[in-house]
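Q: Please choose one part of this structure, look at it closely, and then follow its surroundings outward step by step. I am new to this structure, so please explain each term when it comes up.

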Amino acid sequence: MGGTEHLTVQREGATLVLTLNRPEAKNALSLPMLVGLYDGWLEADEDETIRSVVLTGAGGAFCAGMDLKALAGKGMEGDQYRDRMKADPDLHWKAMLRHHRPRKPVIAAVEGYCVAGGTEILQGTDIRVAGTSATFGLFEVKRGLFPIGGSTVRLQRQIPRTHALEMLLTGRPYTAAEAAGIGLIGHVVPDGTALEKALEIAGQINACGPLAVEAVKASVYETAELTETEGLKSELARGWPVFDTADAKEGARAFAEKRPAVYRRA
């Protein structure tokens with residue numbers, strides 16, 4: 001199990017839980033946090049006993065974006081982290097899920113602030129749960145900055161363009177209810193219960209055939225920008241091999257025998 005001084009990693013059954021852990025800074029992004037996130041995504045992909053990932057934050061906040069002091073070159077101590085970033089100049093973008101997509105489903109459990117870089121990371125997750133008092137928004141333009149973590153590309157593909165442009169161009173905060181209303185998040189739950197709800201969803205995913213789950217996720221993203229004809233062809237290429245797996249046969253047997261399926265990724 002990995003982790004760094006600003007990111008904790010733990011297992012909840014078949015779910016890997018990554019917790020942003022700088023509560024004193026509302027979990028603003030730091031080098032140790034980015035390195036820990038990147039390692040967490042790799043661990044989830046490489047460990048076949050992991051079937052889902054939950055991303056959350058400590059201390060009642062999700063992520064307040066980039067630490068501006070760190071952006072100015074202050075407070076990013078730790079030669080080992082700088083060395084990792086130098087070895088892979090793209091590491092921070094992969095950590096933020098800008099152009100890295102884990103094979104396993106990723107569920108965001110949001111409490112408190114999820115703004116700027118926090119909202120950008122959110123767009124790289126698959127399923128999103130938030131506490132009632134959570135706050136979302138892309139504040140970059142208010143600071144004369146650009147949301148370069150992917151938001152000008154991805155947000156308009158995830159929510160209606162008029163809402164995407166309003167969020168991007170006004171830099172205003174959004175409540176959890178507003179975020180749910182425009183489709184940015186899927187569940188609003190009582191404060192303090194977002195992680196519980198995310199783990200509940202993860203458990204439902206974990207009970208399904210892992211090969212099927214991963215193929216379905218891959219197909220959804222692969223076909224998002226294709227025409228319907230191209231997408232349906234791609235879906236067949238992804239879907240048919242799943243029917244030939246031992247897991248597919250186990251699923252049918254378990255249904256017939258009225259028992260939980262025991263999947264073996266085979």
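A: Helix α10 gives the most to the lining of the largest cavity, with three residues, where helices (H or I, at least four residues) and strands (E, at least two) are DSSP runs numbered from the N terminus. This is a predicted model, in which local features need pLDDT of at least 70 and side-chain atom pairs count only at pLDDT 80 or more, while totals for chains, interfaces and linings use all residues. Residues are numbered from 1 along each chain as its sequence is written, and side-chain values use heavy atoms, with hydrogens and water left out.

The lining of the largest cavity consists of R51, K104, I205, C208, P210, V213 and E214, and the space inside comes to about 40 Å³. The structure holds one cavity of 30 Å³ or more. On a 1 Å grid over the protein atoms alone, a cavity is a set of points where a 1.4 Å probe fits but cannot get out, whereas a pocket is an open set with protein on both sides within 12 Å along at least five of seven lines; lining residues have an atom within 4 Å of a point. Grid points are joined across faces, edges and corners, and a volume is the space filled by probe spheres set on the points.

Helix α10 (210-222) also takes part in the largest pocket, since β6 (127-131), α6 (151-158) and α10 each supply at least two residues of its lining. That pocket has a volume of about 610 Å³, and 26 residues line it, of which R101, Q123, R154, Q158 and Y221 lie nearest its centre. The element that gives the most to this lining is α6, with four residues.

From the cavity, K104 leads on to S52, which is in contact (heavy atoms within 4.5 Å) with K104. Leaving aside neighbours within four places in sequence, S52 also touches A14, T15, L16, P105, A202 and N206. The C-alpha atoms of S52 and G203 are 8.4 Å apart, although the two residues are separated by 151 residues in sequence. S52 counts as buried because its relative accessible area is 0%; buried means under 20%, exposed over 50%, and partly exposed in between (1.4 Å probe, protein chains only).

S52 lies in strand β3, which spans residues 52-57 and has six of its six residues buried. Both faces of this strand are covered, with S52, V54 and T56 buried on one side and V53, L55 and G57 buried on the other. In a regular strand the side chains alternate between the two faces of the sheet.

Two strands pair if DSSP finds at least two bridges between them, and β3 has two such partners to consider here. With strand β2 (residues 15-20) it pairs in the parallel sense over six bridges, and L20 stands opposite G57. Strand β4 (residues 106-110) also runs parallel to β3, joined to it by four bridges, and in β4 the bridge partner of V53 is V106.

The strands β2 and β3 form, with helix α1, a right-handed β-α-β unit. Right-handed describes a crossover in which, with the strands pointing away from the viewer, the path from the first strand over the helix to the second runs clockwise.

Helix α1 (residues 31-46) in turn gives the most to the largest nonpolar core, with eight residues. A nonpolar core is a set of buried Ala, Val, Leu, Ile, Met, Phe, Trp, Tyr and Cys residues joined through side-chain atoms within 4.5 Å. This core has 47 residues, and those that touch the most other members are L18, L37, V110, F136 and L184. Not counting residues up to four places away in sequence, L37 touches L7, L18, L20, L55, A95 and I121. In soluble globular proteins, nonpolar side chains tend to be buried together. Apart from the largest core lies another, of twelve residues, among them I107, A194, A198 and A202, and A202 is also one of the contacts of S52.

One core member leads to a further sheet: F136 stands opposite Y174 in β8, and two bridges join strand β7 (residues 135-137) to β8 in an antiparallel arrangement. The open sheet has three strands in the order β5-β7-β8, with mixed pairing, and its edge strands are β5 (113-115) and β8 (174-175), each pairing on one side only.
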